[in-house]
Amino acid sequence: MTLRLFNTLSGQLDDLVPADGKALRMYACGPTVYDYGHIGNFRTFLQVDVLRRFLKLTGIAVRHVMNITDVDDKIIRNATAAGLPIGEYTARFEKAFFEDLESLQVERPEIIARATEHIPRMVELVQKLAAAGAAYQTEDGSWYFRLAAFPEYGKLSKKDLGGMEDGARVDLDEYEKDSARDFALWKAAKPGETSWDTAIGRGRPGWHIECSAMAMEFLGESFDLHAGGEDLMFPHHENEIAQSESVTHKPFARHWMHVRFLLVDGRKMSKSEGNFYTLRDLLLKGYKASAIRLALISVPYRHQLNFTFDSLADATNAIDRLRTFHQRLTAGSFVEGANPALQAAAEKAQADYLAAFSNDLNTAEARAPIFDLIRTANTAMDQGQLLAADRDAILAVLASFDAVFCVIEDRDAEPTRRALEWAEQAGRMADVAPELLTRQGLTDEAIDALVAERTLAKKQRNFARADQIRNELAEKGIVIEDSKDGVRWKRK
Ligand code: AMP
Ligand code: ZN
């Protein structure tokens, strides 16, 4: 069964198959580790996970590279503000990112490539671009890509680049202007900034060169698929193509997949809009990691998805149904034999499931036949018409469903436990849903942390927060006593 996947470059559904007949070589842009990821970011990583899991289910091996952007404008700004070397600053968020991926059951790519560990390859690429006449150095020592050297610029995003000004330059890592400009490949060192001493001068790489260099290092000059969120199509991916193809004169990636945004009230979820939730925020509110995964993947990647708490509640119910049904099949005892109607239903569900996925990873349509099968099988079980061979056939369908959706097996305890542990360390206990604490039992350490947070809040004259903590603890039967010897608490 061949996957037909929309290809931004060709503008149509194309077959996605490994060119070398062995493994699908794919590159997906990874995170910039300057903060905790929000669930919009994770929607993109989850949809790429759906892709790789489906490919594997159909017998295709993958060689998947993900970069970690561990040097860029935002990282330098934040690390400087925190008074930390960038490596120390990013390590914390990289760790958090991988924990979050694990919580969401996102498989780890075969290759993780940190930008700061591949500087020589980026320098080499800039040198090759310079030799090809596609890069030039400015007076301050920075290097820029000369857009005029790549007439095909714009072929991915299909933007009308009429406003292109010859020689106009931009040195920001992120820019969204519609007019194309010569962009920075290498930024000359500024006082106090992290930099590398190299053959093209002292400085640091631009964001775009990072992905071109590492993709080609691990996957070769041409590879099967490149993926990322829709905001990366222009200019980031357009720039990657320009940098790579100007040197190789070969197609960089043959297939381009772009995941559409997660929205909040019709606007892109983003750090700068302030309308975001991190995975940890939602876990602390008491939502299960599996429900967050299911809600974020159930709308196909080519549709924008409006985030709502109702969708998390729906996903929670769907998972309950799946798990209860699975439990009913595995724990029940069934008479030997096969019911032809159920055998046919299982076969049809499996075929419809695979067909929906093959049609541009339509996760919504792929779910439907599984829930239909559950309904049919539950009715048959109620009537004693589901036999042992039917159970086996249906369990096989559930297993292939879970090979991609990955929500039936209950792995929810660990992510929640980890989030609570993090909340204690990060002073976020006040954000934990009371039901969750009741469910988990409020530990002495958690109470100590809350009491300490309250003392600090009082010291900072944030009495509203201090009162909020006192009230929340009171609701759980914890009484705080302020005395001249300090603060004590006791359980009522
Ligand atoms: P960043 O860490 O900002 O470089 O983003 C990591 C990934 O998340 C990129 O592929 C972005 O395109 C993607 N992304 C950012 N915001 C959203 C959103 N609201 N919905 C879906 N994907 C997003
Ligand atoms: Zn990239």
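Helix H8, which spans residues 289-297, is largely enclosed by the rest of the structure, because 9 of its 9 residues are buried. The model described here is a predicted one. Besides this helix, the briefing covers a zinc ion, a second ligand and some local features of the backbone.

**Helix H8**

- The buried residues of H8 begin with Ala289, Ser290 and Ala291, continue through Ile292, Arg293 and Leu294, and end with Ala295, Leu296 and Ile297.

**The zinc ion (ligand 2)**

- Four residues coordinate the zinc ion (ligand 2), namely Cys29 and Cys211 through their SG atoms, His236 through NE2 and Glu240 through OE, and the distances run from 2.0 to 2.8 Å.
- Along the chain, the donors of the zinc ion (ligand 2) follow the spacing C-x181-C-x24-H-x3-E.
- Cys211 belongs to helix H5 (residues 207-219) and His236 to helix H6 (residues 233-248), so this pair ties together parts that are 25 residues apart in sequence.
- Both Cys211 and His236 are buried.
- The angles among the 4 donor atoms of the zinc ion (ligand 2) range from 72 to 132°, and the site is irregular; the tetrahedral class would require all angles to lie between 85 and 135 degrees.

**Ligand 1 and its surroundings**

- There are 16 residues around ligand 1, and those that come nearest are Gly40, Thr44, Asp231, Leu262 and Met269.
- Sorted by class, the shell around ligand 1 holds 6 nonpolar, 7 polar and 3 charged residues.
- Helix H1 (39-57) and strand S12 (223-229) each contribute at least two residues to the shell around ligand 1, and the largest share, 4 residues, comes from H1.
- Backbone N or O atoms approach nitrogen atoms of ligand 1 at two residues, with a distance of 3.0 Å for Gly40 and a distance of 2.8 Å for Leu262.
- At Thr32, a backbone N or O atom lies 3.1 Å from an oxygen atom of ligand 1.
- Of the 490 Å² of accessible area that ligand 1 has on its own, the protein covers 92%.

**The loop that holds Asn275**

- Asn275 sits in the loop between strand S15 (267-268) and helix H7 (279-284), and its side chain reaches the backbone nitrogen of Ser270 at 2.9 Å.
- Asn275 counts as buried because its relative accessibility is 16%, where the cut-off for buried is under 20% relative accessible area.

**Backbone features**

- The peptide bond that joins Phe234 and Pro235 is cis, with omega at about 0°, and Pro235 is found in helix H6, the helix that also contains the zinc donor His236.
- Asp360 has a positive phi, near 60°, although this residue is not a glycine; the residue lies in the loop between helix H10 (340-358) and helix H11 (363-382).
- With a relative accessible area of 9%, Asp360 is buried.
- Cys406, likewise a residue other than glycine, has a positive phi of about 60°, and its place is in the loop between helix H12 (388-404) and helix H13 (413-426).
- Cys406 is buried as well, with a relative accessible area of 7%.

Terms used. Residues numbered from 1 in each chain as written. Chains lettered and ligands numbered in written order. Predicted model: local features only at pLDDT ≥ 70, side-chain atom pairs only at ≥ 80, totals over all residues. Heavy atoms only, no water. Donors = N, O, S within 2.8 Å, 3.2 Å for Na, K, Ca; no water. Tetrahedral: all angles 85-135°; square planar, octahedral: opposite > 155°, others 65-115°. Buried < 20%, exposed > 50% of the residue type's maximum accessible area, 1.4 Å probe, protein only. Near = heavy atom within 4 Å. Polar contact = N/O pair within 3.5 Å; in protein donor to acceptor, adjacent residues only side chain to side chain. Areas by Shrake-Rupley, 256 points an atom, 1.4 Å probe, with all protein chains shown as cover. Nonpolar A, V, L, I, M, F, W, Y, C, P; charged D, E, K, R; others polar.
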